[in-house]
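Work through the exercises below with the sequence and the model open side by side. Each task is followed by a solution in steps.

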Amino acid sequence: MNDIQIASLVARFPLLASLMALAETTWFNPNTTTLAEGLPYVGLTEADVADAHARLARFAPYLAEAFPETAVTHGVIESELVAIPAMQQRLEQQPGQRIFGQLLLKKDSHLPISGSIKARGGIYEVLAHAEKLALAAGRLRLEDDYSVLLSPAFRQFFSQYSIAVGSTGNLGLSIGIMSARLGFKVTVHMSADARAWKKAKLRSHGVTVVEYAQDYGVAVEQGRKAAEADPNCFFIDDENSRTLFLGYAVAGERLKAQLAQQHIVVDAQHPLFVYLPCGVGGGPGGVAFGLKLAFGDNVHCLFAEPTHSPCMLLGVHTGLHDGIAVQDLGIDNITAADGLAVGRASGFVGRAMERLLDGFYTLSDQTMYDLLGALDEDEGIRLEPSALAGMAGPQRVCASEAYHRLQGFTPALLANATHIVWATGGGMVPEEEMAQYLAKARRG
Ligand SMILES: *Cc1c(COP(=O)(O)O)cnc(C)c1O
């Protein structure tokens, strides 16, 4: 985009000036619809999510053996939902700031196998691909016990095929570890911002890691090109994959069961607010889709992005989706938030979900570090910076009377609210690395 195009875009969308100034910005979406009105735009249905549930159930006996850490949950990859009352008090410390209702943390940060939300979508897509190949070759039937996939014969079978993916780190970890365990040849194309320990971990699992000096977009493009040259290579497309999206969507029904178990009610009188860190959009988009199917119009989803990488806010707000990148506005896409350093949002997710999302906001890396330190101090829970992006959401939602009016929330209704901050990563961060994160937090 040239200067004149940018100036006219900013004139039409004054909020962009705030994004360009790297100010922490909140936008509550005036174009939300009911689930019934919004669902047709997603292009996926409840039956698709049910299919994903069933596929994961078929693989559970395999996962329980292949990854012993999942044996306690019988091969189901799921995270805890915990109350964080001390953190809730902390968030109320700013003058005039209340957090209505109860604050919970969804610890995808501690998901088995790869320690991030990518253990949902990434692993699911690899499993779906493996199943497809094995079924097509007549080596597997849907009713088989899938722990047969552990056999040397199956590893030999999968070794004829390869898998490739572009990643800033966590998706690569999930896809790399899962693919290598099944026996696939797997290559992860890593962007410049990917952490050294993630690359080392992958190599220790026998994954080929290709490093780029550029950002996520370049790593994905190079990965796509390399895969195209090989007919036996399957490229996992983080930006457009419906399969990944469905792997994430399974979280909706799972969360519903967890809330019921904890006797937490979600209905027209008890709204649920969920805060999801957003990179390219598949993870938060898929989870939000699953949540909408599970809770209908009683769940309100908000996406959180770094001030330096507000790609989804930019794409949805302007309606340009993947037709614009933050770099077009001179925003550098440089952030400490792994997984969120994405300059151009998924066009699929933005278009599919824009009617079903209540809002979008940005926060600075320093705010993420401060929240990281506070959560460690108050609750003894350690996350990576990106996983704290959701933590700023309850303050934004509770403080905005304009949003309450827009949605018709009364004080009585808000008093019954449940807020869930989706903690998306950090469970596998090495001690030394975590010490560096903690040192960046301002205490007080
Ligand atoms: C990937 C990732 C996200 C966001 O997921 P997208 O699908 O890229 O939007 C959030 N947090 C962490 C830690 C991640 O790794």
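**Exercise 1.** Find which polar atoms of the protein lie close to oxygen atoms of the ligand, using K118, V280 and G282.

Solution. Start with K118: one of its polar side-chain atoms is 2.7 Å from a ligand oxygen. Next take V280, where a backbone N or O atom lies 3.0 Å from an oxygen atom of the ligand. Then take G282, with a polar backbone atom 3.2 Å from a ligand oxygen. A polar contact here is a pair of N or O atoms within 3.5 Å. Alone, the ligand would expose 370 Å², and the protein buries 99% of this area (Shrake-Rupley method, 1.4 Å probe).

The model is predicted, so local features need pLDDT of at least 70 and side-chain atom pairs count only at pLDDT 80 or more, while totals for chains, interfaces and linings use all residues. Residues are numbered from 1 along each chain as its sequence is written, and side-chain values use heavy atoms, with hydrogens and water left out.

**Exercise 2.** Describe the shell of residues around the ligand and the place where the ligand sits.

Solution. There are 16 residues around the ligand, and K118, N170, G281, G283 and T424 come nearest (near: a heavy atom within 4 Å). Sort the shell by type: five residues are nonpolar, nine polar and two charged. In this sorting, Asp, Glu, Lys and Arg are charged; Ala, Val, Leu, Ile, Met, Phe, Trp, Tyr, Cys and Pro are nonpolar; the others, Gly among them, are polar. By element, helix α13 (residues 282-295) gives the most, three residues (helices are DSSP runs of H or I, at least four residues; strands are E runs of at least two). Finally, the ligand sits in the largest cavity. A cavity is a set of points on a 1 Å grid over the protein atoms alone where a 1.4 Å probe fits but cannot get out; sitting there requires more than half of the ligand atoms within 2 Å of its grid points.

**Exercise 3.** H263 and H321 have positive phi values. Is each one buried or exposed?

Solution. Phi of H263 is near 55 degrees, and this residue is in the loop between α12 (251-261) and β8 (272-277). H263 counts as exposed because its relative accessibility is 71% (exposed: over 50%; buried: under 20%; partly exposed in between; 1.4 Å probe, protein chains only). Phi of H321 is near 50 degrees, and H321 lies in the loop between α14 (311-318) and α15 (347-353). H321 is buried, because its relative accessible area is 5%.

Methods:
Polar contact = N/O pair within 3.5 Å; in protein donor to acceptor, adjacent residues only side chain to side chain. 1 Å grid on protein atoms, 1.4 Å probe; cavity = no way out; pocket = protein on both sides within 12 Å on 5 of 7 lines; lining within 4 Å.
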